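Okay, thanks for coming, everyone. I'll put the structure up now and walk through some of its strands, then say a word about cysteines.

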Amino acid sequence: MENLKLEKGVKLKVAEWLDGAFDAETKNYIKKLISDKKEIELTDAFYKDLEFGTGGLRGIMGVGSNRVNKYTLGKATQGFSNYLKDAYPDEQVKVVIAHDNRNNSDVYAKLTAEVFSANGIYVYFFEGLRPTPELSFAIRELGCHGGVMLTASHNPKEYNGYKAYGKDGGQLVSPHDKAVMGEVLKLRDIKEVNFKGVPERIEKVGKELDEKFYDALLQQRISKEAIIKQKDLKIVYSPIHGTGGISVPAILKKFGFENVILVEEQMSYDGDFPTVVYPNPEEKEALTLALKKAKKVDADLVMATDPDADRVGIAVKNTEGKFILLNGNQAASLLINYVLEAWKKSGKLVGKEYIVKTIVTSYLIDKIAASKNVECINTLTGFKFIGEIMTQLEGSKTFVAGGEESYGYLVGEHARDKDAVISCAMIAEMTAYYKNEGSSLYEALINLYLEFGYYKEKLISVTKQGKKGADEIKAMMDNFRKRPPTMLGGSRVIVVKDYLSSISINPVSGTSNTIDLPSSNVLQFFTEDGSIVSARPSGTEPKIKFYCSVNKDLVARADFKITDTELEYKLNSILQDLGVNN
């Protein structure tokens, strides 16, 4: 190893794994990387330990401290066990574990259950694949102190991950996530991880919990008469080989929809995701087969969910009869508007209701909420922060719905995480409602723009792999902080928000304010004409993301295309000013 150009910290980590109580297969793999002089691979695998990001632990499966494997997940579970036992010293600690269809998810779930049980913790273990929102629901339903979902959500097939949940059914937030990682860091030797499970402390759960979950979702139905009249609504659905195949068709049937057309090629629970490049409903390519099926049957609605069924992408027909994909901002705006309007009509809005969205999600939603005198709370990116607010306000205010631009939504308080199962059901109900009114989802979206202004958003992700990429992303953020833009898209920047320092500055007046949110590595630039740009390194992928939002009044329906063209030009101009390739 002396002849390799590796940083000191990497060499120490590699040596630790070669000398420690790791299996022979792991050690032989490391030795081969050394003999083959795979410096980049060694660096990327060992330059850091996996850490909790916006979606828990997530990474490429393989050997190393920065990889998902039985040792990194074993340490995470041992640390989580130590934290839970310390937090609840006089109670029998209980957790729930679920997993999706990814390669090794079942193996990692079993490993996680064994480590918990070896530490005296009682484990409820789902008997098969289940969606993330059901795991969140089960934690509170079973009176547990925590839970773990083995999934890497929408990431490529090489990834897996570990979503850690607290007693409230929400993903761990600060200081709890930091406390767990602190316990993990205390483990100096892999021998400190107790891998020997105790079968008597592991109880399998399944169908009974499923029915309770579905019953909770059925409570969210609003337009029952519209569903009855539109029960033959043509819905094309794909789980993209994931767990949604278990739950989404079931809940659509329970809601009353009788014409759900499945994309059979994607109904297999396959961790290689053979029919797509990425199992991500944000990607147009992932909906190719669903759209093909929709055109063939002349569907009213197309929906596809990611592997752990917490995100959903949808497609609808425009006024020309062509299927178009709605982005997460559009879908969230439509869904939240529909639910709030229905609550308003039924007299359920009494002044204590609120919705939650993330700071990078369309501000059209803020205007929708304001028009109905409903509080709209903005929080950091990551649905765990939405769940945290729900827990804080439980009992004093009523949560109606929440959403984020990355295709994650929640209606109702049954879970503390985004839920594609209830989202699919409510989107189908919303489609039925508008069709019953002689409209479509697309026309309903245009109506929102006519009422509140046309908000158009664009997300650009720049991928930077490995340690080198992480350094480049850090340099980009440092540069934006040192030299923030003064003009974007021909409009002056009048507010710069730095969520890392929690300071909001007006560069024109020189005044500043404190941002009342937890510290986070996000920058936002607000221009004089209402445009907003957010720069944020991803917490789950090797990317830096740029969220750009522009808006303009839409005076007449006939002006939509020309207004759309103008806003698209402005978006591209802003991104060019930032030096971001579109």
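So, strand 18 and strand 19, residues 503–505, pair in the antiparallel sense, with 3 bridges between them. If you want one pair to click on, take V496, whose bridge partner in strand 19 is I505. The two strands make a hairpin with 4 residues in between, and in that hairpin S502 has a positive phi near 60°. I should say right away that this is a predicted model, so please hear everything here as computed.

Stay with strand 18, residues 491–498, and look at strand 17, residues 487–488. These two are antiparallel as well, joined by 2 bridges. One bridge pairs L488 with S491 of strand 18. Here the hairpin has 2 residues between the strands, and G489 is the one with a positive phi near 60°.

And what else does strand 18 pair with? Strand 21, residues 523–527, again antiparallel, over 5 bridges. There, K497 has Q524 of strand 21 as its bridge partner.

Okay, let's move to another part of the model. Here we have an open sheet of 6 strands, in the order 1-5-4-2-3-6, with mixed pairing. Why does one side of strand 1 and of strand 6 lack a neighbour in the sheet? Strand 1 (57–60) and strand 6 (202–205) are the edges, and each has a single partner strand, so one side of each is left free of a sheet neighbour. From one strand to the next, the twist averages 15°.

Inside that sheet, strand 4, residues 146–150, and strand 5, residues 159–165, run antiparallel with 4 bridges between them. V148, for example, is bridged to A164 in strand 5. Now rotate so you can see helix 5, residues 105–118: this helix lies across strands 2, 3, 4, 5 and 6. Its angle to strand 2 (94–99) is about 170°.

Last bit, cysteines. A disulfide is a covalent bond between the sulfur atoms of two cysteines. How many disulfides does a search of the whole structure find? 0. Take C548: the closest cysteine sulfur belongs to C376 and is 20 Å away, too far for a bond, and the cut-off here is 2.5 Å. C548 is also buried, at 2% relative accessibility. C424 is another buried cysteine, with a relative accessible area of 0%.

That's what I've got, thanks.

Technical notes:
Residues are numbered from 1 along each chain as its sequence is written. This is a predicted model: local features need pLDDT of at least 70, side-chain atom pairs count only at pLDDT 80 or more; totals for chains, interfaces and linings use all residues. Side-chain values use heavy atoms; hydrogens and water are left out. Two strands pair if DSSP finds at least two bridges between them. Axes are lines fitted to C-alpha atoms, for helices over the stretch in contact, and angles run from 0 to 180 degrees between N-to-C directions. Contact means heavy atoms within 4.5 Å. Buried means under 20% relative accessible area, exposed over 50%, partly exposed in between (1.4 Å probe, protein chains only).
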